[in-house]
Amino acid sequence: MTDAEDAGEGAAGERGAARGDVRPPEVDADERATLLTFLDYLRDAVAAKAAGVPEEAARTSGVPSGTSLLGLVRHLAAVEHNWFVWAYAGEGELLPDDEPPEPGATVGEALAAYRRAGRRSNGIVAACGRLDAPGARSLRETPPPTMRWILVHMIEETARHAGHADILRERIDGSAGR
């Protein structure tokens, strides 16, 4: 993948171009491929909502909670790392996932980090022998979850934030669609 694709230009076409409504994927595959296909679809939806948004608009909250497009992308990149890399694979450091973006943070950098996190996560999933195998540790006060649980959780987490991104982007410039 090129740096431009990492920055969000690949999934949404030209930077700032309208994405339109993209239907969920039709997939007739095994469980792992189906789960990854839907997670990738949702990752692309989030990235498309943030791509091409002016920096100030991307960092500005559109809701009283303080949520911004830039914050959502950074949060999802950290959550990908924390569940797949730190918890499941037992590698790396735990990343903060709810801190506001630093003053110099950019959408391009956040999208590139999010795409790298997704590729690393997909590699960990591909290396997992069985979806019912538990990870090395848990982010919660529970036994380590299985890869299946992490995949379903990340689909739920990413879908919820894709909906938030839809609303924030529509408030910024009227763009609508998946």
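This section describes the fold, the nonpolar cores, the aromatic contacts and the salt bridges of a predicted model.

The protein chain contains six helices and zero strands. Read from the N terminus, the order of elements is α-α-α-α-α-α. Of the 178 residues in the protein chain, 41% are buried. Among contacts with a separation of 6 or more, 73% join residues 24 or more positions apart. The exposed surface of the protein chain comes to about 9,000 Å². Carbon and sulfur atoms account for 53% of that area.

The interior was examined next. The largest nonpolar core comprises 22 residues. Phe84, Tyr88, Met147, Leu151 and Met154 have the most contacts inside it. Helix H2 (31–50), H4, helix H5 (107–127) and H6 each contribute at least two residues to this core. H4 gives the largest share, seven residues. Another core lies apart from this one and has 21 residues. Ala51, Leu69, Leu72 and Tyr114 are among its members.

The structure holds one aromatic pair. Trp83 and Trp149 form this pair, with ring centres 5.1 Å apart. Their planes meet at 55 degrees, and the pair is classed as tilted. Trp83 belongs to helix H4 (residues 69–89) and Trp149 to helix H6, so the pair links distant parts of the chain, 66 residues apart. The two partners were also compared with the cut-off for burial. Trp83 has a relative accessibility of 4% and therefore counts as buried, the limit being under 20%. Trp149, at 33%, counts as partly exposed.

Trp83 is also touched by His153, which contacts Arg140 as well, leaving aside residues up to four places away in sequence. His153 lies in helix H6 (residues 147–173). Its relative accessible area is 11%, so His153 is buried. A further ring contact involves a charge. The charged end of Arg137 sits over the ring of Trp86, 4.1 Å from the ring centre.

Charged pairs were then considered. Side chains of opposite charge can pair when their charged atoms come close. A search of the whole structure finds 11 salt bridges. Asp40 and Arg43 form one of them, with an N to O distance of 2.5 Å. Both residues lie in helix H2, three residues apart, about one turn of the helix. Asp40 is partly exposed at 30% relative accessibility. Arg43 is buried at 5%.

A second example bridges two helices. The side chains of Asp44 and Arg115 meet in a salt bridge of 3.1 Å, N to O. Asp44 lies in helix H2 and Arg115 in helix H5, so this pair ties together parts that are 71 residues apart in sequence. Asp44 counts as partly exposed, with 30% relative accessibility. Arg115 counts as buried, with 10%.

Lys49 and Asp166 form a salt bridge as well, their closest N and O atoms being 3.5 Å apart. This pair links distant parts of the chain: Lys49 is in helix H2 and Asp166 in helix H6, 117 residues apart. Lys49 is buried, with a relative accessible area of 5%. Asp166 is partly exposed, with a relative accessible area of 27%. Finally, salt bridges with shared partners join Asp40, Arg43 and Glu80 into one network.

Terms used. Residues numbered from 1 in each chain as written. Predicted model: local features only at pLDDT ≥ 70, side-chain atom pairs only at ≥ 80, totals over all residues. Heavy atoms only, no water. Helix = DSSP H or I, 4+ residues; strand = E, 2+ residues; numbered from the N terminus. Buried < 20%, exposed > 50% of the residue type's maximum accessible area, 1.4 Å probe, protein only. Contact = heavy atoms within 4.5 Å. Areas by Shrake-Rupley, 256 points an atom, 1.4 Å probe, with all protein chains shown as cover. Phe/Tyr/Trp six-rings, centres within 6.5 Å; stacked < 30°, edge-to-face > 60°. Lys NZ or Arg CZ within 6 Å of the ring centre and 35° of its normal. Core = buried A, V, L, I, M, F, W, Y, C linked by side-chain atoms within 4.5 Å. Salt bridge = Lys/Arg side-chain N within 4 Å of Asp/Glu carboxyl O.
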